[in-house]
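Work through the exercises below with the structure in view. Each task is followed by a solution in steps.

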Amino acid sequence: PENYLSGEIERLALEAAGTIDAPRTWNGTLSLQMNDMHRREINFDRGVVEISAEQGRAILRSADIVQDVNNFHFQGAMELPSTFNDFGRTPTNLEFSGTAPDLARLTAGAPFRLTGSAQFNGRIDVVNATVDADLGVSAEAVGFQDGIIDKLNSRLRASKRVVRGDNKRPWFADLRTAMNFDLKGIRHRDYIVDSVEGS
């Protein structure tokens, strides 16, 4: 639809077998390459995804998103559930990393505009139907409206028990989070702060 999503699927290859409503029976491979994908908050030049499934296990061999000089990489694996309602509850591990030398391009469609550069890394694990996430970011010369931060380091940890998909509880029930941050060289209009640390 107009103003929804635009771009080009350059290549899509899917070879699969199994019972559709029984994920644990899936076997096959998926390869997808997309170019020039655009939506108001999503813009990237190229995305490549490679997934395989066999013997009750799905493997994200690679997922790479490139936006000019900015790039992000994902990989991981998951035990496939016996039913769709158990997606997100089976043992899973996902790792990702990214570099964004051009934050202005990365945040072009966001309600806030940033400049500078940043690096991202993180890991998401599911064990005993509990999601544990550890996400980190470090950035330099982060400019925002009327100000700049010379250096930024932050780490977010989150944990949540995952209920079955047919449960009516709100998504944030049982969510636990903790964040540490360290900012240095903050200037905003006429104000200057040497450093801020917090948790």
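The second largest pocket draws at least two lining residues from each of strand S1 (6-17), strand S2 (27-38), S3, S4, strand S5 (70-79) and strand S6 (92-100). The model is a predicted one.

**Exercise 1.** Describe the lining of the second largest pocket: which strand gives the most, and which residues lie nearest the centre?

Solution.
- Step 1. Strand S2 gives the most to this lining, with four residues.
- Step 2. The lining has 24 residues, and those nearest the centre of the pocket are Trp26, Ile51, Ser52, Ala53 and Ala58.
- Step 3. Sorted by type, the lining residues are 16 nonpolar, eight polar and no charged.
- Step 4. The space in the second largest pocket is about 340 Å³.

**Exercise 2.** Do the same for the largest pocket: how many residues line it, and which elements give two or more of them?

Solution.
- Step 1. There are 22 lining residues, with Phe72, Leu103, Leu106, Thr107 and Phe120 nearest the centre of the largest pocket.
- Step 2. Two or more lining residues come from each of strand S3 (43-54), strand S4 (57-67), helix H1 (103-106), strand S7 (115-127) and strand S8 (130-144).
- Step 3. By type, the lining of the largest pocket holds 16 nonpolar, four polar and two charged residues.
- Step 4. About 450 Å³ of space lies in the largest pocket.

**Exercise 3.** Find the salt-bridge partner of Glu95 and state where both residues sit.

Solution.
- Step 1. The whole structure has eleven salt bridges.
- Step 2. In one of them Glu95 pairs with Arg123, and their closest N and O atoms are 2.3 Å apart.
- Step 3. Glu95 is in strand S6 and Arg123 in strand S7, so the pair links distant parts of the chain, 28 residues apart.
- Step 4. Glu95 has a relative accessible area of 35% and is partly exposed; Arg123 is also partly exposed, at 33%.

**Exercise 4.** Which salt bridges does Asp134 form with Arg155 and Arg157, and what do they link?

Solution.
- Step 1. Asp134 meets Arg155 in a salt bridge with an N to O distance of 2.6 Å.
- Step 2. Arg155 belongs to strand S9 (residues 147-161) and Asp134 to strand S8, 21 residues apart.
- Step 3. Asp134 also meets Arg157, at 3.9 Å from N to O.
- Step 4. Because Asp134 lies in strand S8 and Arg157 in strand S9, this pair ties together parts 23 residues apart in sequence.
- Step 5. Partly exposed residues here are Asp134 at 26%, Arg155 at 25% and Arg157 at 40% relative accessibility.

**Exercise 5.** Which residues do salt bridges with shared partners join into one network?

Solution.
- Step 1. The network consists of Asp45, Asp68 and Arg105.

Technical notes
Residues numbered from 1 in each chain as written. Predicted model: local features only at pLDDT ≥ 70, side-chain atom pairs only at ≥ 80, totals over all residues. Heavy atoms only, no water. 1 Å grid on protein atoms, 1.4 Å probe; cavity = no way out; pocket = protein on both sides within 12 Å on 5 of 7 lines; lining within 4 Å. Points joined across faces, edges and corners; volume = space filled by probe spheres on them. Nonpolar A, V, L, I, M, F, W, Y, C, P; charged D, E, K, R; others polar. Salt bridge = Lys/Arg side-chain N within 4 Å of Asp/Glu carboxyl O. Buried < 20%, exposed > 50% of the residue type's maximum accessible area, 1.4 Å probe, protein only.
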